[in-house]
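Subject: A structure for you to look at

Hi,

Here is the structure I said I would pass on. Have a look around in the viewer, then read my notes below.

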Amino acid sequence: MPSVLSSISSLLLVVASCRQSVEAFSASSNRRQVVSHQVCNSALFASRDDGNNSNEDDNSRPIQNNNSQINRREALRSALTGAALATSSTLITQPSTANALSLPNPFAPAYTQSNNGRYIPGKRCTAYLVDTTIPPSLIPYRASREAAILKNLGMGYGTSKAPFIEDDITLNNMMNKAVFGSISAVNNAVGGEGADLARNGENYQSFIFLGANFDDTFTAAAAGEEGGDAQLAVGLLEDICKPKERIGNTAIGLSFCPQGCQELLDQYVNGGSESALLEGLKGKGVDEQLTMAHLPILRFAQKKRFPLLALAPESQDLDTVRKGGLQSLDPEKREAYVADAQGFIALTQDPRFKLYTEKSLFKDFRPSSAAVASDEAAAKAEQGNYFAEKILVHEACATCISKWAASRPDALVVTIAPIPDVRFLGGINGRVPRISQFLNKDSLVDDEAVTTILLNPNAKETLSESKWLRLEIGTSPRNWAYQTKVADYLWFSSMPKVNMIPRMMNEQ
């Protein structure tokens with residue numbers, strides 16, 4: 001407050017001094033006018049007979065008056081300008097005080113007038129739909145929309161695999177398609193109003209795959225909770241399982257559990273102790289650390305009384321295939337794992353699956369030793385056995401899921417699997433429609449009945465060599481017909497870094 005009073009007093013002093021100077025200047029100007037008037041009159045009387053001189057003197061008087069008025073205006077203007085400059089310099093240089101009554105400085109830079117100059121990052125969404133454009137793009141969804149998307153998935157609507165731009169646009173319907181067509185496409189993609197309500201009944205089931213590596217990436221760790229992937233999975237499951245359609249016909253599949261552990265899982269869901277389950281899984285050779293990572297999901301299933309499905313082949317069978325290929329596996333066990341043998345064989349010749357094998361499946365292959373890596377023939381043979389092992393795991397898991405759902409109308413199976421087993425839609429998730437149609441010729445299960453969500457993915461897990469997430473495989477012109485997106489949704493526990501999200505559209 002004292003600083004403001006001092007500024008006002010200094011301003012009044014400057015204005016007063018300026019007023020005195022103006023009045024003095026005006027008085028002197030008046031005196032000069034009187035003297036000049038007398039001189040002009042004398043000259044007029046002295047040369048009364050000379051008409052030319054008389055006319056010159058008469059013309060000079062208004063010129064002198066105008067000059068006097070201009071001089072007074074300039075003096076007043078310069079005085080006021082000086083006063084304003086003096087006042088502004090005082091306000092700018094006056095130090096700010098902590099007094100609550102102190103006024104803000106209007107001349108301060110804009111970046112210092114809010115948040116004390118601190119950087120506040122913009123808010124980003126945590127749920128993204130991967131649109132099937134070429135190349136794929138990301139459509140972010142606000143937090144207020146997330147629960148509705150998951151609820152519609154729980155109601156069995158699935159996810160559209162068609163891009164939003166597949167509308168015929170003409171000059172007559174251009175604006176109609178651009179506005180209303182896009183809205184309808186988004187609603188269909190998330191199962192909202194206008195979605196295909198015929199997706200229900202005895203011959204229809206839906207499937208959701210949650211890809212999680214349980215490795216606490218940046219977005220999982222930033223959420224501030226240990227086991228961020230498992231916590232996020234439980235959060236999604238709670239919204240997915242809210243619709244009444246999920247009562248009595250919903251199961252949770254576990255790709256890390258061998259099928260021989262099914263009895264242990266049933267006992268746990270029916271009220272068994274957690275310690276007994278952990279001991280039993282450890283005795284079956286299940287990775288103890290992986291079991292602990294899944295504990296929040298196991299507890300959720302027991303609380304809701306949802307069946308838990310053990311999906312993976314037995315560890316000794318996988319060791320046999322890893323060493324000698326599929327032909328070394330016992331035929332009876334092979335038939336138990338592979339229901340659709342012809343479709344299983346034919347799939348390996350599909351161009352889209354070949355692209356998936358080259359661009360995704362083989363990217364995780366590592367030779368067992370340096371000696372094998374240096375021997376080209378040995379490395380190729382080991383890679384072939386690795387391929388046989390992975391496709392057996394994918395086929396066995398998909399067969400187990402489809403068998404459980406086939407006898408239950410409107411059933412839903414939510415499967416927890418590693419990201420490499422579901423990314424680019426060619427692993428477990430890509431086999432379910434074919435096997436479902438093999439088990440039931442009238443099955444309505446198709447690609448849109450299967451939804452894949454990656455939980456807290458990072459660039460490395462999507463096979464990207466940069467900081468950006470990789471959204472597709474098949475970017476060359478010869479592979480455009482088989483281009484496949486990484487998943488249907490990307491879901492994060494916290495805001496992802498801005499340099500992770502490529503080709504982002506406007507949020508919905």
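First, a term you will need: a pocket here is an open set of grid points with protein on both sides within 12 Å along at least five of seven lines. Its volume is the space filled by probe spheres set on those points. Keep in mind that this is a predicted model.

With that in hand, the largest pocket holds about 670 Å³ of space. It has 26 lining residues, and those closest to its centre are Arg-352, Leu-425, Gly-430, Asp-447 and Thr-484. Several elements give at least two residues each to this lining: helix H14 (351-359), helix H17 (428-439), strand S7 (450-455) and strand S9 (484-485). H17 has the largest share, with 6 residues. By type, the lining of the largest pocket splits into 9 nonpolar, 9 polar and 8 charged residues.

The second largest pocket comes to about 560 Å³. Ser-255, Phe-256, Leu-290, Leu-318 and Pro-418 are the closest to its centre, out of 27 lining residues. Strand S4 (250-258), helix H11 (315-324), H16 and strand S6 (412-417) each bring at least two residues to this lining, and H16 gives the most, with 4. This time the split is 15 nonpolar, 5 polar and 7 charged.

What about enclosed space? Rolling a probe the size of a water molecule over the atoms shows where empty space is left. In this model there are 2 cavities of 30 Å³ or more, and the largest cavity has about 50 Å³ of space. Its lining is made of Gln-205, Phe-207, Ser-402, Ala-405, Ala-406, Ser-436, Asn-440 and Ser-443. Of these, 3 are nonpolar, 5 are polar and none is charged. Helix H16 (residues 376-406) supplies the largest share of that lining, 3 residues.

Now for the packing. The largest nonpolar core has 56 residues, and Phe-207, Phe-209, Leu-392 and Leu-490 touch the most other members. H16 is the main contributor to this core, with 11 residues. If you click on Leu-392 and skip residues up to four places away in sequence, you will find that it touches Pro-313, Leu-318, Val-321, Leu-326, Leu-329, Tyr-337 and Val-338. There is also a second, separate core of 45 residues, with Leu-150, Ile-240, Leu-277 and Val-286 among them.

One residue to try for yourself: is Asp-317 buried or exposed? Asp-317 sits in helix H11. Its relative accessible area is 4%, and buried means under 20%, so Asp-317 counts as buried. Beyond its neighbours within four places in sequence, Asp-317 is in contact with Leu-329, Lys-333 and Tyr-337.

Finally, the whole chain. The protein chain has 17 helices and 10 strands, and 41% of its 508 residues count as buried. Its exposed area is about 27,300 Å², with carbon and sulfur atoms supplying 55% of that. Among contacts with a separation of 6 or more, 77% join residues 24 or more positions apart.

If you want somewhere to begin, find H17 in the lining of the largest pocket, then move over to H16 in the lining of the second largest one.

Happy exploring!

Terms used: Residues numbered from 1 in each chain as written. Predicted model: local features only at pLDDT ≥ 70, side-chain atom pairs only at ≥ 80, totals over all residues. Heavy atoms only, no water. 1 Å grid on protein atoms, 1.4 Å probe; cavity = no way out; pocket = protein on both sides within 12 Å on 5 of 7 lines; lining within 4 Å. Nonpolar A, V, L, I, M, F, W, Y, C, P; charged D, E, K, R; others polar. Buried < 20%, exposed > 50% of the residue type's maximum accessible area, 1.4 Å probe, protein only. Contact = heavy atoms within 4.5 Å. Areas by Shrake-Rupley, 256 points an atom, 1.4 Å probe, with all protein chains shown as cover. Core = buried A, V, L, I, M, F, W, Y, C linked by side-chain atoms within 4.5 Å.
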